[in-house]
Number of protein chains: 2
Amino acid sequence: MEPQLTRAERRKRTEERILDAARARFAELGYQRTTIRAIAGDAGVDPALVMQHFASKDNLFRKAITEPTTEPLTGDPERLAELVLDTLGVKLGELPGGSAAVLRSMLTHPEATEHARDSLTQQIEQAGSAITGEDPELRAALMLATMLGVTIGRQLLELRPLREASVERIVELLRPGLRNLATG
Amino acid sequence: MEPQLTRAERRKRTEERILDAARARFAELGYQRTTIRAIAGDAGVDPALVMQHFASKDNLFRKAITEPTTEPLTGDPERLAELVLDTLGVKLGELPGGSAAVLRSMLTHPEATEHARDSLTQQIEQAGSAITGEDPELRAALMLATMLGVTIGRQLLELRPLREASVERIVELLRPGLRNLATG
DNA sequence: GTCTATAAGCAGATAGAC
DNA sequence: GTCTATCTGCTTATAGAC
């Protein structure tokens, strides 16, 4: 049984299990407090095997936070505000594993900082080119910074008013401010 | 020379030097990557002396982030928006040492998380009671989350559009959205 | 190929000399 | 009171047995 998917396929499966465990741990505890031992334990493999596959903790982290790219932020200003609010909706529901890991270590791990900065800069540039009027990039940056703050407040700091409110209500309250930034 | 300020006074001076060095290091690198040795080096004292004074790294961190309380967020809704913008102005100029240290480790150190949550919760409650209309606390939380995101984006992630903009311009652009949240 | 055993490094904490 | 020297524990990483 298991025809010819034996070597490469099994290897890939194992790596995915390790990566899933790594994303969960990194997202929960951040880079420094996460240990290879704990990841291995979660994935049901030996710590040495993790090293065999990923060579170093830092490399494992790099692989764990590499995500399929997000959809571009384009369109006219009104539409842009809605797109931004949509991605917020996704993030407030449940953060994708890689994003959560980056977010958690964003302030304390140089590589995560850079990753977050690059990702946000790209989104800012996209959104900025869809904004008319003065200071389009600054306006875009403020829109995304708002989303960042709300995401952190709700998902990581777990501020009570943000936890208890529905995603729809949050989106509804943020809409006017974001539209104001988007339309100039 | 140095009349009777010898013992207690000298001790206090040393502790302040250590605390200043600690705040700077914690703010720059976060809790985990900061070492007692480095703090001692910066303060020009022996590492063992740091332990003599503060007993443990965790206790040193606790002392370093303890700040004189901030002024309350009160008044009518329009005034509230201005107060919030003012404190943002302060934070965008230069973060006070203790705040910067908390901010940096907020996502990765349990005690810092709690400290940040408590501090924000208090501000939210104050601001919430100055807001009329529906969901005052949620609105207040969104205002403060916005400030948090902008502060992180500018001071810690150093997003280019936020770095290059003047504090006044940022405040000007955020005002309509914050007023909208404050006035309901 | 997988795991055991261990090396190597680092940082917090401690004991005791001066 | 201040510093030297050391201990202890933990983690990544490696080498080699099975």
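Student: Which residue has a polar backbone atom 2.9 Å from a phosphate oxygen of DNA strand D?

Tutor: That is Lys57(A), with the phosphate oxygen of DNA strand D 2.9 Å from its polar backbone atom. A polar contact here is a pair of N or O atoms within 3.5 Å.

Student: What should I know about the model and the numbering?

Tutor: This is a predicted model, with local features needing pLDDT of at least 70 and side-chain atom pairs pLDDT 80 or more, while totals for chains, interfaces and linings use all residues. Residues are numbered from 1 along each chain, chains are lettered from A and ligands numbered from 1 in the order written, and side-chain values use heavy atoms, without hydrogens or water.

Student: Which backbone atom lies 3.2 Å from a phosphate oxygen of strand D?

Tutor: A backbone N or O atom of Ile36(A).

Student: Which residues surround strand D?

Tutor: From chain A they are Thr34(A), Thr35(A), Ile36(A), Arg37(A), Met51(A), Ser56(A) and Lys57(A), and from chain B they are Arg7(B), Asp46(B), Ala48(B) and Leu49(B). Near means that a heavy atom of the residue lies within 4 Å. Helix H2 (36-43) of chain A and helix H3 (47-54) of chain B each supply at least two residues of that surface. Helices are DSSP runs (H or I) of at least four residues.

Student: Which part of strand D do the atoms within 4 Å of the protein belong to?

Tutor: Sugar or phosphate for 69% of them, and bases for the rest.

Student: What sits around strand C?

Tutor: Chain A gives Arg7(A), Asp46(A), Ala48(A) and Leu49(A), and chain B gives Thr34(B), Thr35(B), Ile36(B), Arg37(B), Met51(B), Ser56(B) and Lys57(B). Of the strand C atoms that come within 4 Å of the protein, 70% are accounted for by sugar and phosphate.

Student: What about polar contacts on that strand?

Tutor: Phosphate oxygens of strand C lie 3.5 Å from a polar backbone atom of Thr34(B) and 3.0 Å from one of Ile36(B). An N or O atom in the side chain of Arg37(B) is 2.8 Å from a base nitrogen of strand C. Helix H3 (47-54) of chain A and helix H2 (36-43) of chain B give two or more residues to this surface.

Student: Back to Lys57. Which ring does Lys57(A) lie over?

Tutor: Tyr31(A), at 4.4 Å from the ring centre. In chain B, the charged end of Lys57(B) sits over the ring of Tyr31(B), also with 4.4 Å to its centre. The rule asks for NZ of Lys or CZ of Arg within 6 Å of the ring centre and within 35 degrees of the ring normal.

Student: How many aromatic pairs are there?

Tutor: Six over all chains, with ring centres within 6.5 Å (planes under 30 degrees apart are stacked, over 60 edge-to-face, the rest tilted). Phe26(A) and Phe61(A) are edge-to-face, 4.9 Å centre to centre with 85 degrees between the planes. Phe26(A) is in helix H1 (residues 7-29) of chain A and Phe61(A) in helix H4 (residues 57-65) of chain A, so the pair ties together parts 35 residues apart in sequence.

Student: Are Phe26(A) and Phe61(A) buried or exposed?

Tutor: Phe26(A) and Phe61(A) are both buried, meaning under 20% relative accessible area (exposed is over 50%, partly exposed in between; 1.4 Å probe, protein chains only). Ring pairs also link Phe26(A), Tyr31(A) and Phe61(A) into a cluster.

Student: Why is the Phe26(B) and Tyr31(B) pair called stacked?

Tutor: The centres of Phe26(B) and Tyr31(B) are 5.8 Å apart and the planes are at 10 degrees, so the pair is stacked. Phe26(B) and Tyr31(B) are both buried.

Student: How many residues of helix H6 in chain A are buried?

Tutor: Seven of the nine in H6 (residues 97-105) of chain A, so to speak mostly covered. Among them are Gly98(A), Val102(A) and Arg104(A).

Note on methods: A polar contact is a pair of N or O atoms within 3.5 Å; within protein, one must be able to donate a hydrogen and the other to accept it, and residues adjacent in sequence count only if both atoms are side-chain atoms.
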